[in-house]
Amino acid sequence: MARFSLTTPLYYVNARPHIGSAYTTMAADALARFAALRGDAVLLVTGTDEHGQKIQRTAQEQGVPPQVHCDRMVAEFQALWQKLNIHWHRFSRTTDPRHGVIVKEFFQRVWDKGDIYLHQQQGWYCVACEEFKDERELLPERYCPLHPHLQVEWRDEPNYFFRLSQYQHQLEDLYQNQPDFIQPEARRNEVLKFVAQGLADFSISRLHLDWGFPVPVDPQQVIYVWFDALLGYLTALVEPDAEPSLAQATQTWWPVDVHLIGKDILRFHAVYWPAMLLSAELPLPKRIFAHGFLTKDGQKMSKSLGNIVDPFHLVNEYGSDALRYYFLKEIELGKDGDFNEERFIQTVNADLANDLGNLLNRTLKLVHKYCGGCVPAVTVPQDNPLAVLAEDLGVQVAQAYRELALHRACLLPLSLAQRANKWMDEQAPWQLAKTGEPATLAAVLYSLLEAVRLAAYLLSPVIPQTSTRIYQQLGYPIDFDRQPLLDYHQQARWGALPPGQAVAAPEPVFLRLGLPKVMKS
RNA sequence: GGCUCAGUAGCUCAGCGGUAGAGCAGGGGACUCAUAAGCCCUUGGUCGCGUGUUCAAAUCACGCCUGAGCCA
């Protein structure tokens, strides 16, 4: 059996989950579900990154110990993932003691390799970035350009450094030999440019901080949050009942097929992380895919603009299928995308309620009226336009998923539903019933049912609840949120619907969304 | 300052040398199986700006402008 493993980032728990994290996680979940649909053994890893000064200070401000703060945030993340119908297999927390074991072993390996050394570092430090900043990139009065409300702090301390510079050529070879290691192309170009300029060693420890794992060779220091966080991907792969070790972690699911990330953390994943793994002599992940950023009504989201989109609010208001569909179909993964509530509602209504849902509804009504509520037993002609369109739809959708082209993976099945609506009007089965052509009528209705079925099946990784309702109305006792137990190669093709199967009474599978009150007026 | 990506109908985008396309939204119509859905027709664009190459440019080259981003 083929294996497919992928990760979302381990989200930083300094705040409640935002729409960007939700976007990544929805995309990852759809990818994982599709792999599972095809029968692969799948492991979807998500989790949280909980160390670092910023967390320590946030907790302090709230007057709670850091661990309590982290536990609270983790509960929020998990609650949101549940609401969004995310099926994760491992939730990796960097404060897990098991993670400490992995970090220690990894550090030791890199240390033994001679890739870690002590060096006095001084400069301006941004606590929010957890990074040293060049004086000239600072705003007036030494505010961080990325965190304009925060002043940087002067630091002069010995830190442990990782010899990133040693790995420049190996990294360049990697990018060269494996052109799809970093995707999309534009992001790859950025990394190539960055690496070509020469790589500086980076510090992997911090002094005067106790929220983190101690440096094994120097307990005065704490391991830098990013070094720690990236290793969380490995810890996640340790079997739950096994003793944590790198050997264990890399036994089954490593290397992962995809690290799905936002473009803001590309450098850590495409440069630092592979270098760390090279140093530790571990295999590299197969692919890093960086998606774009979301805007709200064409504008950057920010607290000062007050236009932050709250994922909890959206999912409570509209449900998970609608959100998943909008974000995955309307925005090309890898490009920036916009959330506009009106466009969201229009899209979802047009596609899911009108084109797909209503197609099932109108067809079922006729099946009950003219075929006794059973899938008609007929032979559909080879040249049936729906059958022709469906011919290699499963293959095309699989290809789209392979490329992480989720928007195409949505568009393809939808186009079948759209063609089916058109064809239904052309055939006018209600007329066929009147003029007495039962064979033709049966073939038309069968084709329509089959078109909805296939579209629903191929869309199920994105809209599992809607697909489940469609399948159940078609007479299948299955739930895409549980093990579907259906053979992909059979279900992803035209003609899987068994003749004679009793169908349910038509019931809207996706209710049209209304505009929120504020927008109606 | 260097580099990357983008700028095409109200919105989201495709086209990437032969005088503009799709979906959604808007307008009209015929139908009736349907979640006032679907179907048909339709309004709508000096293809960011300028110069050049070419018989011919949204499509190539150069310059500029705007936006997003990477680096310094």
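A polar contact is a pair of N or O atoms within 3.5 Å. I keep that cut-off in mind for the RNA entries, and I note that this is a predicted model.

**Entry 1: polar contacts to the RNA**

I began with K422. An N or O atom in the side chain of K422 sits 2.2 Å from a phosphate oxygen of RNA strand B. That pair falls within 3.5 Å, so I log a polar contact.

Next I looked for contacts to the bases. The side chain of D425 places an N or O atom 2.8 Å from a base nitrogen of RNA strand B. At F510 the backbone takes part: a polar backbone atom of F510 is 2.7 Å from a base nitrogen of the strand.

**Entry 2: the surface near the RNA**

I then listed the surroundings of the strand. There are 35 residues around RNA strand B, and Q197, R267, N358, R362 and K422 come nearest. Of the atoms of RNA strand B that come within 4 Å of the protein, 75% belong to sugar and phosphate.

What classes of residue make up the surface near RNA strand B? I find 18 charged, nine polar and eight nonpolar residues.

Which helix gives the most to this surface? It is α12, with 12 residues. Helices α6 (185-196), α12 (341-370), α15 (406-427) and α16 (429-435) each supply at least two residues.

**Entry 3: overall build**

I stepped back to the whole chain. Chain A has 20 helices and 15 strands. Along the principal axes, its C-alpha trace spans about 90 × 55 × 40 Å. I checked the radius of gyration against the globule rule. Chain A has 26 Å, and a compact globule with 521 residues would have a value near 24 Å, so the two agree.

I also looked at burial and contact range. Of the 521 residues, 57% count as buried. Among contacts in chain A with a separation of 6 or more, 77% join residues 24 or more positions apart.

**Entry 4: nonpolar cores**

In soluble globular proteins, nonpolar side chains tend to be buried together. I looked for such groups here. The largest nonpolar core has 109 residues, and F327 and F344 have the most contacts inside it. Helix α17 (residues 438-459) gives the most to this core, with 14 residues.

I followed F344 further. Leaving aside neighbours within four places in sequence, F344 is in contact with Y318, A322, L323, Y326, F339 and L513. Apart from this core lies another, of 60 residues, including I116, L164, F202 and I288.

**Entry 5: backbone oddities**

I searched for cis peptide bonds. The bond from Q183 to P184 is cis, with omega near -5 degrees. P184 lies in the loop between β7 (182-183) and α6. The bond from W254 to P255 is also cis, with omega near 0 degrees. P255 belongs to the loop between α8 (246-249) and β12 (258-262).

I then checked for positive phi outside glycine. L404 has a phi of about 60 degrees and is found in the loop between α14 (393-402) and α15. A428 has a positive phi of about 45 degrees and is found in the loop between α15 and α16.

Are L404 and A428 buried or exposed? L404 is buried, because its relative accessible area is 3%, under the 20% limit. A428, at 11% relative accessibility, counts as buried too.

Conventions. Residues numbered from 1 in each chain as written. Chains lettered and ligands numbered in written order. Predicted model: local features only at pLDDT ≥ 70, side-chain atom pairs only at ≥ 80, totals over all residues. Heavy atoms only, no water. Core = buried A, V, L, I, M, F, W, Y, C linked by side-chain atoms within 4.5 Å. Buried < 20%, exposed > 50% of the residue type's maximum accessible area, 1.4 Å probe, protein only. Helix = DSSP H or I, 4+ residues; strand = E, 2+ residues; numbered from the N terminus. Contact = heavy atoms within 4.5 Å. Near = heavy atom within 4 Å. Polar contact = N/O pair within 3.5 Å; in protein donor to acceptor, adjacent residues only side chain to side chain. Nonpolar A, V, L, I, M, F, W, Y, C, P; charged D, E, K, R; others polar. Rg over C-alpha atoms; globule rule 2.2 N^0.38 Å.
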